[in-house]
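Could you take me round this model in the viewer, one selection after another? I would like to know what to pick next and what is there.

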Amino acid sequence: MTWYTNAHEKLVDVATGKYLIYYHVNSADGQHGGWIWRGYLKSAASTPVTLTTTTMNWATAAKSAGLQSADIKLMKLFPHAAYDADLMAVVNQVFASTENQPILTEETSTANDDFNQLLTVNHTDYSAVYLVRFNVNNPNSLAEVKQAVNANLDANGQADLQRWHIAGKIAPIGTATQASGLKAGSGLLVFATK
């Protein structure tokens, strides 16, 4: 977790006569804070930063994964989740192939197993995967998408998945065809942890 300092205090250890520096810190998500001795801290530059859906630059991901504006807004509903390009590649496979599209509609363990098999084929290994399927009339309506996600994933579930890897897609308007069975507004949100 990344912490930010916003104050400090210089204290004297009476027994040793040495100065101790304590910092007041807040977590990056703003949910935790307190005082900590400087010796317990290390620079953020020395540890890799995981980009979340709110801190990353979406231009590159949109270009490489063919993301639409609705897809990005969907994933941004989970601001502390980390976008995962490997996971997104599998989600794109689900939408691209009629063989994989039952994953979008079946709420069975078979559909989850099919998704896990796609992960294995792509040499992507996760310890846990959670799928959220939904349908909306207007994929461009963030309010409608949020309502559909909330109907399929309660607040506790959303809080638990905030720090997982994420990928998501919504079939855009104009994709409905009889042959493919895919209709506009079909959505899939995938969370995974390594």
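Two strands count as paired if DSSP finds at least two bridges between them. With that in hand, and keeping in mind that this is a predicted model, let's begin with the strands at the start of the chain.

**Stop 1: E1, E2 and E3.** Select residues 19-27, which make up strand E2, together with residues 33-37, which are strand E3. E2 and E3 pair over five bridges, in the antiparallel sense. For a landmark, show His24 and look across to Trp35 in E3, which stands opposite. Now add strand E1, residues 3-12: nine bridges join E1 to E2, and these two strands run antiparallel as well. Val12 has Tyr19 in E2 as its bridge partner. E1 and E2 form a hairpin, with six residues between them. In the turn, pick Gly17 and check its phi, which is positive at about 80 degrees.

**Stop 2: the four-stranded sheet.** Next, colour the strands of the open sheet in the order E4-E6-E7-E5; their pairing is mixed. Strand E4 (82-83) and E5 are the edge strands, each pairing on one side only. Zoom in on E4 and E6 (residues 165-170): they run parallel and are joined by two bridges. Here Tyr83 stands opposite Ile166 in E6.

**Stop 3: helices on the sheet.** Keep the sheet on screen and add helix H3, residues 85-96. H3 lies across E4, E6 and strand E7 (186-193), and runs at about 25 degrees to E6. Then add helix H6 (residues 142-152), which packs on the sheet and touches E5, E6 and E7. The direction of H6 makes about 125 degrees with that of E5.

**Stop 4: Phe134.** Stay with strand E5 and select Phe134. Is Phe134 buried or exposed? Its relative accessibility is 3%, and the cut-off for buried is under 20%, so Phe134 counts as buried. Leaving aside residues up to four places away in sequence, its contacts include Leu74, Val145, Val149, Ile170 and Leu188. Ala148 is also among the residues that Phe134 touches; the two are 14 residues apart along the chain, with their C-alpha atoms separated by 6.1 Å.

**Stop 5: Gln158.** Move on to helix H7, residues 155-161, where you will find Gln158. This residue counts as buried because its relative accessibility is 16%. Beyond residues up to four places away in sequence, Gln158 touches Phe78, Val149, Asn150 and Leu153.

**Stop 6: Gly174.** For a contrast, go to the loop between E6 and E7 and pick Gly174. Gly174 counts as exposed because its relative accessibility is 70%. Draw a C-alpha to C-alpha distance to Gly185 and you should read 9.7 Å, for a pair 11 residues apart in sequence.

**Stop 7: the second largest pocket.** Finally, bring up a surface and look for the second largest pocket, which holds about 160 Å³ of space. It is lined by 10 residues, and those closest to its centre are Asn112, Tyr130, Leu131, Val132 and Arg133. Which element gives the largest share of the lining? That is E5, with five residues. Helix H5 (109-121) and strand E5 (128-135) each supply at least two residues of the lining. Colour the lining by type and you will see five nonpolar, three polar and two charged residues.

Technical notes. Residues numbered from 1 in each chain as written. Predicted model: local features only at pLDDT ≥ 70, side-chain atom pairs only at ≥ 80, totals over all residues. Heavy atoms only, no water. 1 Å grid on protein atoms, 1.4 Å probe; cavity = no way out; pocket = protein on both sides within 12 Å on 5 of 7 lines; lining within 4 Å. Points joined across faces, edges and corners; volume = space filled by probe spheres on them. Nonpolar A, V, L, I, M, F, W, Y, C, P; charged D, E, K, R; others polar. Contact = heavy atoms within 4.5 Å. Axes fitted to C-alpha atoms, helices over the stretch in contact; angles between N-to-C directions. Buried < 20%, exposed > 50% of the residue type's maximum accessible area, 1.4 Å probe, protein only.
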